[in-house]
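Reader: Before I plan around this protein, could you take me through its model with some care?

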Amino acid sequence: MAAEFLPPSGFRPSDARKRIGPILRALSRAYPHARTALKYRTPFELLIATILSAQSTDETVNRVTPALFERYPDAAAMSKASPEEIEPLIRPTGFFRQKAKAIVGCAKALTERFGGEVPRRMADLVELPGVARKTANVVLANCCPRPQSDHGIFVDTHVRRTSQRLALTGQDDPDRIEQDLTKLVPESKWAEFPHQLVFLGRGPCRARNPAHEKCPLLEWCPTGRYALRARPKGRPSRSRR
Ligand code: SF4
């Protein structure tokens, strides 16, 4: 049953707790196979691809990684490269000089401290060059759905926007949004839930002109319901889909 609806950004923990069950079920119906769009074969490849995806798109990263991983298939091989050798291979992803330094540094740290393997603990992952909590959560969610400790829910631009619009958080900082979401969402859903929000954010809940009427979450979304109620009668939606 629909809960009491709030104006946009009207996050209230008790209200969010009432709505989270139906929201999770609707997300599972709408996006049953949500997972990262990054292409990878090993945890090492996913880690490097996720670092490259900062300020870029998954499509762009997927275009450059086949050649990158053909030449540097594991941490040992990449740790011996110089950033200058890597730069032309990853240039289309943007910020390629910083990213080349980061992924070579990351490969060196993996080789020296973890025998070339990607660690399965958040505390170890965030110590690697170029790896912040969001990247670590992506790797843990996809490669290690039941990590040993200290994992969470990754918060990217789509997760941030959709969780705010759904009034599942009242925060703006990604780490604080993650804290709100991990209190609401059962741990068994932490791997798939953010990927489902990414699908939602790339679909009806895009940044501009969200398509509230076509959204599978509308019944439980204060922002969408408020927007439709506030729209003058007879005025068509500006949505393109
Ligand atoms: S109803 Fe609108 S604001 Fe709410 S999740 Fe759907 S598209 Fe986003």
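The questions and answers below go through confidence, the ligand shell, helix packing and backbone angles.

Reader: What is the mean pLDDT of the protein, and over which residues does pLDDT stay under 50?

Author: This is a predicted model, and 90% of its residues reach a pLDDT of 70 or more, the mean for the protein being 89. Where pLDDT is low, the predicted coordinates should not be read in detail. That caution applies to one stretch for which the model has 14 contacts beyond four places in sequence, since pLDDT stays under 50 over residues 1-7.

Reader: Which elements give two or more residues to the shell around the ligand?

Author: The ligand is surrounded by 14 residues, of which the closest are Cys205, His212, Cys215, Cys221 and Gly224. Two or more residues of that shell come from each of helix H9 (157-165) and helix H12 (222-230).

Reader: How do the residues of the shell around the ligand divide by class?

Author: The shell counts 14 residues in total. Sorted by class, the residues around the ligand are 9 nonpolar, 4 polar and 1 charged.

Reader: Is Cys215 buried or exposed?

Author: Cys215, one of the residues closest to the ligand, lies in the loop between H11 and H12. Leaving aside residues up to four places away in sequence, Cys215 touches Pro204, Cys205, Cys221 and Gly224, and its C-alpha is 5.6 Å from that of Pro204, although the two are 11 residues apart in sequence. Because 22 other C-beta atoms lie within 10 Å of Cys215, where 20 or more are required, the residue counts as buried.

Reader: How are H9 and H11 oriented where their axes cross?

Author: Two packed helices are described by the angle between their axes and the distance between the axes. The axes of H9 and helix H11 (residues 192-202) come within 8 Å and cross at roughly 80°, which means that H9 is, with respect to H11, roughly perpendicular.

Reader: Which residues of H9 and H11 make the contact?

Author: By class, the contact of H9 with H11 has 5 nonpolar, 4 polar and 2 charged residues. H9 contributes His158, Val159, Arg161, Thr162 and Ser163, while H11 contributes Pro194, Leu197, Val198, Leu200, Gly201 and Arg202.

Reader: Which residues does Leu200 touch, not counting residues up to four places away in sequence?

Author: Leu200 is placed in helix H11 and, because it has 28 C-beta neighbours inside 10 Å, counts as buried. Its C-alpha is 8.8 Å from that of Pro216, 16 residues apart in sequence. With residues up to four places away left out, those touched by Leu200 are Thr162, Cys205 and Leu217.

Reader: Against which helices do the buried residues of H2 pack?

Author: Helix H2 (residues 43-52) is largely enclosed by the rest of the structure because 9 of its 10 residues are buried, among them Phe44, Glu45 and Leu46. The buried residues of H2 pack against helix H3 (58-71), helix H4 (75-79), helix H5 (83-90), helix H6 (96-114) and helix H8 (133-143).

Reader: What is the value of phi for Gln55, and what is it for Phe95?

Author: Most residues other than glycine have a negative phi. Gln55, in the loop between H2 and H3, is exposed, with 10 other C-beta atoms within 10 Å, whereas Phe95, in the loop between H5 and H6, counts as partly exposed, with 14 C-beta neighbours inside 10 Å. Phi is positive in both, near 55° for Gln55 and near 45° for Phe95.

Notes: Residues numbered from 1 in each chain as written. Predicted model: local features only at pLDDT ≥ 70, side-chain atom pairs only at ≥ 80, totals over all residues. pLDDT = per-residue confidence, 0-100. Contact = placed C-beta atoms within 7 Å. Near = placed C-beta within 6 Å. Helix = DSSP H or I, 4+ residues; strand = E, 2+ residues; numbered from the N terminus. Nonpolar A, V, L, I, M, F, W, Y, C, P; charged D, E, K, R; others polar. Axes fitted to C-alpha atoms, helices over the stretch in contact; angles between N-to-C directions. Parallel < 35°, antiparallel > 145°, perpendicular 65-115°, else oblique. Buried ≥ 20, exposed ≤ 12 C-beta atoms within 10 Å, placed from the backbone.
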